[in-house]
Amino acid sequence: MLPHVSALVLALATVPATLAMYAGTDVVELTPKNFKNEVMKSDSVWIVEFYAPWCGHCQRLTPEYKKAASALKGVVKVGAVNADEHRDLGGQYGIQGFPTIKIFGRNKNKPEDYQGGRDAKGLIDGGLAAARKMVNEQSGGKAGGGGGGGSKSNSEPGGGKDVIELTEGNWKKKVLNNEKGILVEFFAPWCGHCKSL
């Protein structure tokens with residue numbers, strides 16, 4: 001029976017360390033096979049850690065990175081690349097040390113180096129700041145409250161290209177089952193304030 005136990009221990013010892021670092025968490029394991037579809041073709045902001053499983057700094061970051069991924073779920077995507085195993089992918093982004101964290105915002109071809117704290121709070125703050133920046137860029141730098149008058153086509157229900165008219169029939173599918181955040185405006189067609197949105 002002892003040889004069977006030895007074989008099992010040997011088999012478990014050869015399981016890639018990548019599975020242990022982020023398996024079963026909100027951190028998406030990124031590889032050359034899924035990086036393009038997950039990150040580059042995404043409309044979401046991504047925080048991506050390039051790591052090596054043997055790196056002590058990476059191992060110390062892991063619990064904080066997991067906490068940040070859980071907190072940012074549905075707002076900012078959080079991923080990790082084993083850049084020791086996938087050196088070509090790390091090389092595309094000039095990775096020379098571990099861990100290196102990059103933020104892929106609106107322009108996925110020009111990710112920014114993350115310079116914030118290496119704890120959950122710093123990562124969360126960095127992710128939220130990147131999401132805010134992307135919203136500002138997408139709105140032409142006009143994000144925030146105020147009493148501006150929108151165009152007539154966007155003030156009508158379903159008038160804008162990113163506006164969906166919600167009904168009792170599609171509420172569950174479009175809002176409750178939506179993994180992304182969604183902003184819902186409840187309005188009255190006769191209301192002057194609603195018309196100016």
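Hi everyone, I'll walk you through the sheet, the cores and one loop residue of this structure. It is a predicted model, where local features need pLDDT of at least 70 and side-chain atom pairs count only at pLDDT 80 or more, while totals for chains, interfaces and linings use all residues. Residues are numbered from 1 along each chain as its sequence is written, and side-chain values use heavy atoms, leaving out hydrogens and water.

Let's begin with the sheet. Five strands (strands are DSSP E runs of at least two residues, helices H or I runs of at least four, numbered from the N terminus) make an open, mixed sheet ordered β1-β3-β2-β4-β5. Strands pair if DSSP finds at least two bridges between them. At the edges sit β1 (28-30) and β5 (112-113), each pairing on one side only. β1 and β3 run parallel, joined by three bridges, and Val28 stands opposite Gly79 in β3.

Now the core. The largest nonpolar core (buried Ala, Val, Leu, Ile, Met, Phe, Trp, Tyr and Cys joined through side-chain atoms within 4.5 Å; buried is under 20% relative accessible area, exposed over 50%, partly exposed in between, with a 1.4 Å probe and protein chains only) has 24 residues. α4 (56-72) is among the elements supplying at least two of them, and α4 gives the most, with six. Beyond four places in sequence, Tyr65 is in contact (heavy atoms within 4.5 Å) with residues including Tyr22, Ile47 and Leu123. A second, separate core has 12 residues, among them Leu30 and Phe35.

Finally, is His86, in the loop between β3 and α5 (87-92), buried or exposed? His86 is buried, because its relative accessible area is 16%. Leaving out residues up to four places away, His86 touches Leu30, Thr31, Pro32 and Val81.
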